[in-house]
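Got the viewer open? Here's a short walk through the model, one selection at a time.

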Amino acid sequence: MYDVCIIGGGVIGCAIARELSRYALSLVLLEKNSDVAEGTTKANSAIVHAGYDAKPGSNKARTNLAGNRLFAGWCRELDVPYDQNTSLVVAFGEDQRQGLAGLLERGQKNGVAGLCLLDEAELRRREPNIGPRAAGALLAETGGICCPYELTIALGTHAVINGAEVRLNCKVQSVTRANGHFRVLTSGGTVESRILINAAGVYADEINNQLSADHFKITPRRGEYWMIDKAYAQTFRATIFQLPTAMGKGILVTPTVEGTMILGPTAEDIEDKEDTRTTAERLDEILRIASLSWPAIPGRSFITAFAGLRAHCDRDDFILGEAPDVPGLINAAGIESPGLTAAPAIALELSALVVDRLQAVQKPGFLPPWSVAPRFRHMNADEKREVIARDPAFGRVICRCEQISEAEIVAAIRRPLGATTLDGVKRRTRAGMGRCQGGFCTPRVLDILSRELNVSPLEITKFGEGSPILTGEVGQGGEPHVG
Ligand SMILES: Cc1cc2nc3c(=O)[nH]c(=O)nc-3n(C[C@H](O)[C@H](O)[C@H](O)COP(=O)(O)OP(=O)(O)OC[C@H]3O[C@@H](n4cnc5c(N)ncnc54)[C@H](O)[C@@H]3O)c2cc1C
């Protein structure tokens, strides 16, 4: 019997797990995928929103603002990237200026600091590459960018080194409550707990509706993106938004913390909660709309396209807290944008609720975050020479595009909550994230994974079950082909 069971290893589940691991509680997190941050958390705009867009008085507005204030500190503590690059909402044509004034007013109601309107000249001084129709902008100084999956992996790891159990490849099939506790039937056996935290992303309605009569519905709202090579990193300093619409914050153009650029997302309600494909039609739509912000989009420098699913809830707000009719069921549901920004605040709020319910006490000896291997790509020549002398594996560069060494890949596999798949290595080190998108390093990373995990290369997958890389051995009767 665990004190707390968390369903979902996205940024929300991992942030709650990390906060609760400060207390003398037995804690398990269940994740159906082969890694944490494999759901919505891996594919979004990665913006730390200032908070001018959320409806005043909503859970979104409150937790956005509080999360924004905590974000830089969390990233610093966990040694993950964050950049307060500011956000600009740009009006294209005089008629859109009215919209900016409305956003400014809403932001002021929400208590957002550092908001002001810029005229066209000031906007062009800051962002000389902005499109010719730009007529002014709302500046949000507290807007930033981050790396959602690095943050989530760091949070999950910090929870693990402080005693939390993370069970991957563990899908929750059903949940019931009897005799004052929860029984969670999973693909890996039954788990029992006193408190159940529902952080299941687009599936959070299915978990809640099995236990509570207070039903809600989540519709996946797909957002597609283009990613552009690092060669264009300096095109814009700020995140460039257009005016928000009823479906979301509109199409943005933004630098990422790693120096690529992204364009997107679209917003399309779909049925299938796993359908993260990209489509020619929507990718064209992004180019058409984004070209208002960036007329010279370099079409030959796209390195990939991807899509993520917003957990859009029929209540149009985050559902946070205990279900009214199920004591101990704590929901973090409908966490669409700005859920990433809000994650630190949601984690503090909900973990305080659990601590209060269970009368938990802080445990002595809470350990600091895991310290990652030094990043070869950030070193100068002297530092490189020094680490190679210490460990020659730093001298074997596996991913040429991103300059990732074998030593970093090995460390990413051996660390707590270590990588077991190609995507796991990619999200912990950036091997495979560069211009060639793994074209050169995939076989070498596969070899290292096979050696370190002591399994056949045939067992190494891209992201767990159903994603094999190799299907047979040459000369062993198997037809060699790439899966
Ligand atoms: C296109 C797009 C753009 C966005 N842009 C931003 C942005 O710029 N800024 C911002 O603040 N927010 C943004 N968001 C929102 C943000 O990404 C989400 O709010 C956040 O990632 C949600 O995290 P989560 O942990 O709730 O969900 P998830 O990351 O989806 O995690 C839920 C986890 O639960 C697991 N799970 C589900 N069912 C089960 C089960 N039965 N058994 C076991 N495990 C299960 C899933 O596998 C998943 O890993 C954006 C979202 C999208 C889609």
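Start by selecting Arg 177 and Phe 182: Arg 177 sits opposite Phe 182, which belongs to β11. Keep in mind as you go that this is a predicted model.

Now widen the selection to the strands around that pair. β10 covers residues 172-178 and β11 covers residues 181-186, and they pair in the antiparallel sense over six bridges. Together β10 and β11 make a hairpin with two residues between them. Click on Asn 179 in that turn and check its phi, which is positive, about 50°.

Next stop, a small sheet. Select β3, β8 and β4: they form an open sheet of three strands in the order β3-β8-β4, with antiparallel pairing. β3 (47-48) and β4 (82-83) are at the edges with a single partner strand each, so one side of each has no neighbour in the sheet. Zoom in on β4 and β8 (residues 144-146), which pair over two bridges. There you'll find Tyr 82 opposite Cys 146 of β8.

Now for the inside. Show Val 4, Ile 6, Ile 12, Leu 20, Ile 197 and Ile 346 as sticks: these have the most contacts inside the largest nonpolar core, which has 46 residues. Among the elements that each supply at least two residues of this core are β1 (2-7), α1 (11-20), β12 (189-198) and α8 (339-358). α8 gives the most, with nine residues.

Stay on Leu 20 for a moment. Beyond its neighbours within four places in sequence, Leu 20 is in contact with residues including Val 4, Leu 27, Ile 197 and Val 354.

Last selection: Ala 200, Ile 218, Ile 319 and Val 326, which are part of a second, separate core of 28 residues.

Definitions and conventions
Residues numbered from 1 in each chain as written. Predicted model: local features only at pLDDT ≥ 70, side-chain atom pairs only at ≥ 80, totals over all residues. Heavy atoms only, no water. Pairing = 2+ DSSP bridges. Helix = DSSP H or I, 4+ residues; strand = E, 2+ residues; numbered from the N terminus. Core = buried A, V, L, I, M, F, W, Y, C linked by side-chain atoms within 4.5 Å. Buried < 20%, exposed > 50% of the residue type's maximum accessible area, 1.4 Å probe, protein only. Contact = heavy atoms within 4.5 Å.
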